[in-house]
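I opened a new structure today and kept notes as I went. Here is what I looked at.

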Amino acid sequence: VWGRYLEPVHEQAPAASADESSESGRRWGECLAWLKDNGKRYALTWLAQARAVDVEDGTLVLAVPDAYFRQWVEDNYGALVQGLVRDFGLAGVRWTVADERLATGG
């Protein structure tokens, strides 16, 4: 079942998985690069699957594949990501399911 969520971590820079043409993509790319540079590859396996979709009121909005994935990432890496995002000058992070954002027009 994990193969459905987790792709092998490649040696490419994790920021390449973020759309750096937007503020949210640049910010998320910085976070992923920090994780890689600081030996947190175990976290990258999961977190690189999240996609930055927006910065709303200083909060980075990250979309994940489904509700189970969101819950697992929040439970296991939520505090790490919150702290990291704050270190990069944002107010925090909000997780959303990709399909929910599409359904609400976000």
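These entries follow one helix, then the core, then one arginine.

I began with the ground rules: this is a predicted model, where local features need pLDDT of at least 70, side-chain atom pairs count only at pLDDT 80 or more, and totals for chains, interfaces and linings use all residues. Residues are numbered from 1 along each chain as its sequence is written, and side-chain values use heavy atoms, with hydrogens and water left out.

**Helix 3.** I looked up residues 67-87, which form helix 3. Helices (H or I, at least four residues) and strands (E, at least two) are DSSP runs, numbered from the N terminus. Helix 3 bends by about 75° at Tyr77; the bend is the angle between axes fitted to the seven residues ending there and the seven starting there. Gly89 follows helix 3, with a positive phi near 90°.

**Burial.** I then checked which residues of helix 3 are buried (under 20% relative accessible area, 1.4 Å probe, protein chains only; exposed is over 50%, partly exposed in between). Tyr77 and Gly78 are among them, as are Val81 and Leu84.

**Core.** I found 23 residues in the largest nonpolar core. Such a core is a set of buried Ala, Val, Leu, Ile, Met, Phe, Trp, Tyr and Cys residues joined through side-chain atoms within 4.5 Å. Helix 3 gives the largest share, 6 residues.

**Arg51.** I found Arg51 in strand 1 (residues 51-56). Arg51 counts as partly exposed because its relative accessibility is 39%. Its C-alpha atom is 8.6 Å from that of Ala98, 47 residues apart along the chain.
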